[in-house]
Amino acid sequence: MKTYRNFIANEWRDAVDGEHIAVRNPSTGEELARLARGRREDVDLAVRAARQALSGEWGRLTATERGRILTRIGAGVLKNIDLLTEIEARDVGKPLTQARADVVALARYLEFYGASADKVHGDTIPYQNGFTVLTIYEPHGVTGHIIPWNYPMQILGRSLGAALAMGNAAVVKPAEEACLTILEFARIAQEEGLPAGALNIVTGFGAEAGAALSEHTDINHISFTGSARTGEMVQTAAAKNAVPVTLELGGKSAQVVFADADLDRAVPFLVNAGIQNAGQTCSASSRILVERSVYEDVIARMSEKYRALKVGPAESDLSVGPVVSQRQKAIIEDFLGVARKDGLTVAAQGTIVPDAPADGAYVAPTLLRDVPPDHRLAQEEIFGPVQVIMPFDSEEEALALANGTPYGLVCGIWTNDGGRQLRMARAAQAGQVFINNYGAGGGVELPFGGVKKSGHGREKGFEALYGFASMKTISIFHG
Ligand code: ADP
């Protein structure tokens, strides 16, 4: 069984106090590896290494040279695609096809941000006679990245790729459930020529290493993706040091299906956006809103798909794997217990395959129908393969339902009426709107982030580069 160490200034180091965290394979429950249990002193070493990198080799590179390195790392990721796929499947339980897609996305982020690094430029601003005023984008400095366990490679790629492209030096705190591919990535980055200290990784518990990073006084920006509760703690800690924060929190994203929609096209998206990654996706579509005249038809079609869903070990590469941990399974089962107690109707469920290991974290995907809009299951993020479906009678009602949760991450709209598409898209309280498609987390090129309790700031796409930069205005008097 492998023991992993922290990655600081291109060296592998045990935690200062030498302690470890056990990692389990959620498909089997077996112990898989050991991680360094990093704490405040380890985070401090990592922040210092990053600070030094800014005045060292990394800080002296041109934007073009940084871009070339990122592009090389992206190619290095693809050379390791089989290894990374296998590690991710064992570590977080992703079916192999889904794990492989995450590796491809990680490589694509590095390719995208590698190519973007030298394309960010400022403006000249008309001002008083005798002046020239210009703006330039500078890196924040040391950026902290707190990564969740649901898409470790993708979220590392989008956040680290943009931060490094802009010339920041990064300290990454992966989720304790999902560190292995991120540590393997560090090896690849080093092999492909990333200068020491540009990337540092400290593994550990959120309340220890994560809290130490968000409270650190020598961090200049924090990117956090995770739960609303933890995001609030990170933002509060950062506020004490006036450190800017990008928060990508949860969601309760709806897909709204009007009667004129192309149901043959819509139904696979309706289901996949709920069960992809076993529903553990910030932008999962956990609510399906359907115009009453096609409500029963959509339920029947979705139910047929649900009944065909097979849940099993990641290596079997079925449509649904285990959830990430027994703790996550218990959270989802609590929600399903509430649904039972309150008499909600199960429209259909998937099946856990009979030979799935007894100690694996398996949950049967569940579609619940006629769920009242104010019920907990229609309001709270479950982060598991559970969708609720409910009817509506008018566009106004559909909009009120779609916007009727504390969250605002993504919204899907299915209709062939062009006016309605744009009315709904403009009025939806969401950071991303999909019309006649739905990409949970979709598209490296597409800016992504939330409104309301889903957070603020944008990652992904070219836009993210501005978030990892600070604008300086230079006003020159020349007469
Ligand atoms: P979950 O409860 O599903 O694990 P979190 O939002 O707590 O989701 O986890 C997202 C990331 O935040 C993980 O890397 C986790 O270790 C980290 N984290 C958890 N608690 C804290 C905290 N108090 N301060 C900073 N980071 C934290």
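## Exercises: the ligand and its pocket

In this predicted model, 19 residues surround the ligand, and the closest are I147, K173, E176, S227 and T230.

**Exercise 1.** Find the polar contacts that the ligand's oxygen atoms make with I147, S227 and R327.

*Solution.*
- Step 1. Take the cut-off: a polar contact is a pair of N or O atoms within 3.5 Å.
- Step 2. Check I147. A polar backbone atom of I147 is 2.8 Å from a ligand oxygen.
- Step 3. Check S227. Here, too, the partner is a polar backbone atom, and the distance to a ligand oxygen is 2.7 Å.
- Step 4. Turn to R327. This residue uses a polar side-chain atom, 3.0 Å from an oxygen of the ligand.
- Step 5. Look at the cover. On its own the ligand has 540 Å² of accessible area, and the protein covers 87% of this.

**Exercise 2.** Describe the shell around the ligand by element and by class.

*Solution.*
- Step 1. List the elements. α8 (206-215), β11 (221-225) and α9 (228-239) each supply at least two residues.
- Step 2. Pick the top contributor. α8 gives the most, with 4 residues.
- Step 3. Sort by class. The shell has 9 nonpolar, 7 polar and 3 charged residues.

**Exercise 3.** Locate the ligand and describe the lining of the largest pocket.

*Solution.*
- Step 1. Place the ligand. It sits in the largest pocket.
- Step 2. Give the space: about 1,000 Å³.
- Step 3. Count the lining. It has 37 residues, with G226, S227, R229, T230 and R327 nearest the pocket's centre.
- Step 4. Name the elements. α8, β11, α9 and α12 (326-341) give two or more residues to this lining.
- Step 5. Sort the lining residues: 19 are nonpolar, 10 polar and 8 charged.

Conventions. Residues are numbered from 1 along each chain as its sequence is written. This is a predicted model: local features need pLDDT of at least 70, side-chain atom pairs count only at pLDDT 80 or more; totals for chains, interfaces and linings use all residues. Side-chain values use heavy atoms; hydrogens and water are left out. A residue is near a molecule or strand if one of its heavy atoms lies within 4 Å of it. A polar contact is a pair of N or O atoms within 3.5 Å; within protein, one must be able to donate a hydrogen and the other to accept it, and residues adjacent in sequence count only if both atoms are side-chain atoms. Accessible areas come from the Shrake-Rupley method with a 1.4 Å probe; for residues, only the protein chains shown count as cover. On a 1 Å grid over the protein atoms alone, a cavity is a set of points where a 1.4 Å probe fits but cannot get out, and a pocket is an open set with protein on both sides within 12 Å along at least five of seven lines; lining residues have an atom within 4 Å of a point. A molecule sits in a cavity or pocket if more than half of its atoms lie within 2 Å of its grid points. Ala, Val, Leu, Ile, Met, Phe, Trp, Tyr, Cys and Pro count as nonpolar, Asp, Glu, Lys and Arg as charged, and the others, Gly among them, as polar. Grid points are joined across faces, edges and corners, and a volume is the space filled by probe spheres set on the points.
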